[in-house]
Amino acid sequence: MGATGLMSGYTTVPYTIAYANELVSDPIGFVPYACRQRLSYLPSSRSGDWVKGPSARSWEPGILRARVRDLRGKPDERGAERMRKLNQRRQWQCMDKRLCQVCGDPATDPETGLIPWLLTATVFERTGAESGRTNAPPTCWGCIPRAMEECPMLGESFGLVTAVGVESAGVLADMYRPGLLPGTLMPTAHNVFVSWDDSTHHPHALATSQVVELRGLRSVP
């Protein structure tokens, strides 16, 4: 979620990392919708561009999600890895299905039902004594040693925790408003949390990752 480029020290490309030819820069702008304006891809959005919360009603438009291609299974087409860029679709898949962000396999411990998470202060916000929000997917027990060895972000400060339950809370998003001239738009905020309940801001948000609420957190020594 920073500048495009390679991180040194990696021998494994995590499942959620984007490749160069997966990145999309299609234009976005505001279009009329239900007597208001909302952010959309131009000239038009596809149904898969929109994401909704678990309790959203059928008529609610949802939030526009950043477009990305999925070419992980096509080595000849995907290009070089971009170690500071997320593939939004694979990040969403990991959150929805509790998949490991490194290998893409199920992260839930089959014996205990607990879900391990490697968290740094930059991707975690505590919301209670045993709960918190993050946009970082889980990491399975088998991949934790590799992640701790290879990921520079974990070298400074991190915590290893387990969660009993997970609930989708919202998105991290870049925010926009219509510009002064017709057909233009202005960025107003970068990488801010927008909850599923905050429908006022949904028309102005471009979601870059899903945020989940972790329940029953326990620290692992």
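A polar contact here is a pair of N or O atoms within 3.5 Å; within protein, one must be able to donate a hydrogen and the other to accept it. Keep that in mind for the exercises below, and remember that this is a predicted model.

**Exercise 1. Work out what the side chain of Gln-101 touches.**

Step 1: find the residue. Gln-101 sits in the loop between H2 and strand S7 (115–119).

Step 2: look for a side-chain partner. The side chain of Thr-139 is 3.2 Å away, and the pair makes a polar contact.

Step 3: check the backbone too. The Gln-101 side chain also reaches the backbone oxygen of Pro-137, at 3.1 Å.

**Exercise 2. Decide whether Glu-22 is buried or exposed, then find its partners.**

Step 1: place Glu-22 in the loop between strand S1 (17–19) and strand S2 (28–33).

Step 2: apply the cut-off. Buried means under 20% relative accessible area; Glu-22 has 0%, so this residue is buried.

Step 3: list contacts. The Glu-22 side chain reaches the backbone nitrogen of Tyr-19 at 2.9 Å, and it makes a polar contact with the side chain of Asn-87 at 3.1 Å.

**Exercise 3. Describe helix H2 from its cap to the residue that follows.**

Step 1: start at the N-terminal end. Asn-87 is the cap, with a side-chain oxygen 3.1 Å from the backbone nitrogen of Arg-89. You've met Asn-87 already, as a side-chain partner of Glu-22.

Step 2: go along the helix, residues 88–97. Its buried residues are Gln-88, Arg-90, Gln-91, Trp-92, Cys-94 and Met-95.

Step 3: look at Trp-92 again. The charged end of Arg-65 sits over the Trp-92 ring, 4.9 Å from its centre.

Step 4: step off the end. Arg-98 follows H2, and its phi is positive, near 60°. At 23% relative accessibility, Arg-98 counts as partly exposed.

**Exercise 4. Find another backbone oddity of each kind: a positive phi and a cis peptide bond.**

Step 1: recall the background. Most residues other than glycine have a negative phi, and most peptide bonds are trans.

Step 2: pick out the phi. Asn-191 has a positive value, near 55°. This residue is in strand S12 and is partly exposed, with a relative accessible area of 28%.

Step 3: pick out the bond. Leu-42 and Pro-43 are joined by a cis peptide bond, with omega about 10°. Pro-43 lies in the loop between strand S3 (36–41) and S4.

**Exercise 5. Characterise the second largest pocket.**

Step 1: get the volume. The space in this pocket is about 490 Å³.

Step 2: go through the lining. There are 21 lining residues, and those nearest the centre are Ala-66, Lys-85, Gln-88, Asp-174 and Thr-208. Gln-88 should look familiar, being one of the buried residues of H2.

Step 3: ask which strands contribute. Strands S6 (81–86), S11 (165–178), S12 (185–195) and S13 (205–215) each supply at least two lining residues. The largest share, three residues, comes from S6.

Step 4: sort by class. You get 10 nonpolar, six polar and five charged residues.

**Exercise 6. Compare Ser-55 and Ala-66 in sequence and in space.**

Step 1: locate Ser-55, in the loop between strand S4 (50–51) and strand S5 (63–65).

Step 2: check accessibility. Ser-55 counts as exposed because its relative accessibility is 64%.

Step 3: take the two separations. Ser-55 and Ala-66 are 11 residues apart in sequence and 21 Å apart in space, C-alpha to C-alpha.

Note on methods:
Residues numbered from 1 in each chain as written. Predicted model: local features only at pLDDT ≥ 70, side-chain atom pairs only at ≥ 80, totals over all residues. Heavy atoms only, no water. Buried < 20%, exposed > 50% of the residue type's maximum accessible area, 1.4 Å probe, protein only. Helix = DSSP H or I, 4+ residues; strand = E, 2+ residues; numbered from the N terminus. 1 Å grid on protein atoms, 1.4 Å probe; cavity = no way out; pocket = protein on both sides within 12 Å on 5 of 7 lines; lining within 4 Å. Points joined across faces, edges and corners; volume = space filled by probe spheres on them. Nonpolar A, V, L, I, M, F, W, Y, C, P; charged D, E, K, R; others polar. Lys NZ or Arg CZ within 6 Å of the ring centre and 35° of its normal.
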